[in-house]
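Hi everyone, thanks for having me. Could you pull up the sequence and the model on your screens? I'll walk you through it piece by piece.

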Amino acid sequence: MKPGPAALLVGESFSPWTQKARWALEYCGLPFAYREYTPTLSEPWLRWRMRQWSGAVSVPVLLPPAQVVRGSWSIARHADAHAGDGRLGDFAAIAAWNELSEAALAEIRTRVVRGVLASPTALDEALAGLLPAPLRPPLRVVARDAARRLDRKYRHLLVPGALRRALERLRDGLARSSSGYLFERFGYADIAMAVVLEGIAPLARIEPPLGPASRQCWSDPHLAREFGDLLDWRASLAHSPATSYSQLLPVTA
Ligand SMILES: N[C@@H](CCC(=O)N[C@@H](CS)C(=O)NCC(=O)O)C(=O)O
């Protein structure tokens with residue numbers, strides 16, 4: 001039989017929400033193509049593909065041949081249904097972990113966006129995939145405008161302290177577990193919490209790669225030191241072919 005057209009995942013490779021979706025799709029073996037989204041610039045195209053002319057749009061979005069699946073949580077459920085064997089776990093039980101993850105990621109986003117706004121170099125790095133180096137400083141205003149829009153669009157989600165709370169709950173959850181995962185088997189709870197660590201010590205392979213100033217905005221060396229055990233846990237997920245996915249760097253000896 002001729003294979004049908006593959007689903008298209010639209011996302012931002014640096015975004016932990018896109019990473020959640022991509023990890024879940026790969027783990028469930030759902031074939032998909034990937035297209036990188038550029039805030040503001042890609043929006044008209046995405047609205048057209050989603051047939052959504054008003055209201056906010058965000059990524060990740062999965063554009064399968066028949067239906068649009070919005071957001072990492074729904075994409076993960078869609079992927080799990082495709083696999084058909086419940087391999088991502090019990091979503092009712094996972095929901096509390098995903099809420100912790102969402103709140104932590106909202107705090108990370110606000111910190112990253114405001115860090116980028118305060119750094120001319122990071123603003124220029126944000127234009128690296130779009131413009132040659134000499135054009136970036138004069139057009140920095142474009143990156144600044146896009147970052148300000150993102151800050152305004154999502155700042156209502158900020159709950160200060162959410163990141164620390166998520167890290168502490170993850171540590172407790174893993175300490176209570178005998179499997180090394182949040183439930184008996186690896187699943188979406190682990191994925192949702194592992195991507196939070198991108199906001200204290202980025203590890204995922206990103207295209208185009210983060211420049212050094214942007215990388216600094218994504219990093220929190222104090223939290224990374226304090227929660228080194230969680231970074232080790234993530235490294236063990238990255239290291240095992242059973243739990244890793246394409247954006248996690250191969251762990252070198
Ligand atoms: N709850 C959504 C959140 C997605 C989200 O916050 N996406 C942001 C990532 S920074 C986005 O689309 N930013 C680009 C934009 O809004 O234009 C999910 O789980 O997918």
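Let me begin with a bit of vocabulary: two strands count as paired if DSSP finds at least two bridges between them. With that in hand, look for Leu62, which stands opposite Val69 in strand E4. Please keep in mind that this is a predicted model.

Now the strands. Leu62 belongs to strand E3, residues 61-63, and two bridges join E3 to E4. Those two strands run antiparallel. How many strands make up the sheet, and in what order? There are four of them, in the order E2-E1-E3-E4, and they form an open sheet with mixed pairing. At the edges sit strand E2, residues 32-36, and strand E4, residues 69-70, each pairing on one side only.

Let's move to strand E1, which covers residues 7-11. On one side, E1 is joined to E2 by five bridges, and this pair runs parallel. You can find two of the facing pairs yourselves: Gly11 stands opposite Glu36 in E2, and Val10 stands opposite Arg35 in E2. To get from E1 to E2, the chain passes through helix H1, residues 16-28. That β-α-β crossover is right-handed.

E1 also pairs with E3, through three bridges, and here the strands run antiparallel. Leu9 has Leu62 in E3 as its bridge partner. So our friend Leu62 turns up twice: it faces Leu9 here, and it faces Val69 in E4.

Is E1 largely enclosed or largely open? Four of its five residues are buried, so E1 is largely enclosed by the rest of the structure.

Let's zoom out to the domains. The chain is divided into domain 1, residues 7-83, and domain 2, residues 91-239. Their centres, taken over C-alpha atoms, are 18 Å apart. Where the domains touch, 15 residues come from domain 1 and 19 residues from domain 2. On the domain 1 side, helices H1 and H3 each supply at least two residues. Which element gives the most there? That would be H1, with six residues. Sorted by class, this side of domain 1 has nine nonpolar, four polar and two charged residues.

Next, the ligand. There are 13 residues around it, and the closest are Trp17, Pro39, Ser58, Gly71 and Ser72. This shell divides into six nonpolar, four polar and three charged residues. Helix H3, residues 72-83, and helix H6, residues 140-154, each supply at least two residues of the shell. Why can we say that the ligand lies between the domains? Both domain 1 and domain 2 give residues to the shell, so the ligand lies between them.

To finish, here are three residues to click on.

Number one is Ala106, found in helix H4, residues 91-117. Ala106 has 18 C-beta neighbours inside 10 Å, so it counts as partly exposed. Leaving out residues up to four places away in sequence, Ala106 touches Tyr154, Leu157, Leu158, Val159 and Ala162. For a sense of distance, Ala106 and Pro138 are 32 residues apart in sequence and 30 Å apart in space, C-alpha to C-alpha.

That list of contacts leads us to Ala162, in helix H7, residues 162-176. Is Ala162 buried or exposed? Ala162 has 21 C-beta neighbours inside 10 Å, so it counts as buried. Setting aside its neighbours within four places in sequence, Ala162 is in contact with Ala103, Ala104, Ala106 and Glu107. Ala162 and Ala21 are 141 residues apart in sequence and 21 Å apart in space, again C-alpha to C-alpha.

The last stop is Pro212, in helix H9, residues 212-218. Pro212 has 10 C-beta neighbours inside 10 Å, so it counts as exposed. Pro212 and Leu30 are 182 residues apart in sequence and 34 Å apart in space, C-alpha to C-alpha.

If you take one picture home, take this one: a four-strand open sheet in the order E2-E1-E3-E4, and a ligand that lies between domain 1 and domain 2. Thanks for listening!

Definitions and conventions
Residues numbered from 1 in each chain as written. Predicted model: local features only at pLDDT ≥ 70, side-chain atom pairs only at ≥ 80, totals over all residues. Near = placed C-beta within 6 Å. Nonpolar A, V, L, I, M, F, W, Y, C, P; charged D, E, K, R; others polar. Domains from an automatic or database assignment. Right-handed = clockwise from strand over helix to strand, strands pointing away. Contact = placed C-beta atoms within 7 Å. Buried ≥ 20, exposed ≤ 12 C-beta atoms within 10 Å, placed from the backbone.
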